[in-house]
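This report describes a predicted model. It begins with one residue and then widens to the sheet and the helices.

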Amino acid sequence: FLSTSKYEGYGRGLITAGVSARTFISTDVGLIGDSINKDNSLIIPVNDTSKIIESIFKLIAGSDLIKKFSSRAHQAAYSLGNKEEYLKKYKKSWEM
């Protein structure tokens with residue numbers, strides 16, 4: 001999964017990718033740093049095209065990295081809890 005957003009709400013697309021045990025590359029927006037972080041995905045700065053390309057090639061070259069990140073992203077997505085817990089965290093992110 002690849003997300004190159006300049007702005008993201010709370011990252012529902014990333015959560016869906018994580019629940020589906022997909023490895024992903026994302027710009028540092030939305031819930032990045034909360035449950036989704038460098039331990040379970042490849043995080044790149046916004047507007048850094050060279051890092052996007054580098055990250056794509058890193059995943060292509062590293063099947064072990066894909067397995068590790070997909071498993072960790074899956075766990076991180078489920079750590080967000082049920083719908084009510086997710087909505088509380090989403091609301092809290094707007095209050096900051």
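Ser26 is buried, since its relative accessible area is 0%, which lies under the 20% cut-off for that class. The residue is found in strand 2, and, once its neighbours within four places in sequence are left aside, Ser26 is in contact with Ser3, Leu14, Ile32, Leu42, Ile43 and Ile44.

Strand 2 belongs to an open sheet of 3 strands, which follow the order 1-2-3 with parallel pairing. Strand 1 and strand 3 are the edge strands, each of them pairing on one side only. Between strand 2 and strand 3 the parallel pairing runs over 3 bridges, and Thr27 has Ile44, in strand 3, as its bridge partner. Helix 2 packs on this sheet, where it touches strand 1, strand 2 and strand 3, and the direction of helix 2 makes about 170 degrees with that of strand 3.

The residue ranges of the strands are as follows.

| Strand | Residues |
|---|---|
| Strand 1 | 2-3 |
| Strand 2 | 25-27 |
| Strand 3 | 42-44 |

A packed pair of helices is described by the angle between the two axes and by the distance between them. Helix 2 (residues 49-61) and helix 3 (residues 63-78) pack at an angle of about 100 degrees, with their axes 5 Å apart. Helix 2 is therefore roughly perpendicular to helix 3. Lys58, Leu59 and Ala61 of helix 2 make the contact with Ser63, Leu65 and Ile66 of helix 3; by class, this contact of helix 2 with helix 3 has 4 nonpolar, 1 polar and 1 charged residues.

Definitions and conventions: Residues are numbered from 1 along each chain as its sequence is written. This is a predicted model: local features need pLDDT of at least 70, side-chain atom pairs count only at pLDDT 80 or more; totals for chains, interfaces and linings use all residues. Side-chain values use heavy atoms; hydrogens and water are left out. Two strands pair if DSSP finds at least two bridges between them. Helices (H or I, at least four residues) and strands (E, at least two) are DSSP runs, numbered from the N terminus. Contact means heavy atoms within 4.5 Å. Axes are lines fitted to C-alpha atoms, for helices over the stretch in contact, and angles run from 0 to 180 degrees between N-to-C directions. Angles under 35 degrees count as roughly parallel, over 145 as roughly antiparallel, 65 to 115 as roughly perpendicular and the rest as oblique. Ala, Val, Leu, Ile, Met, Phe, Trp, Tyr, Cys and Pro count as nonpolar, Asp, Glu, Lys and Arg as charged, and the others, Gly among them, as polar. Buried means under 20% relative accessible area, exposed over 50%, partly exposed in between (1.4 Å probe, protein chains only).
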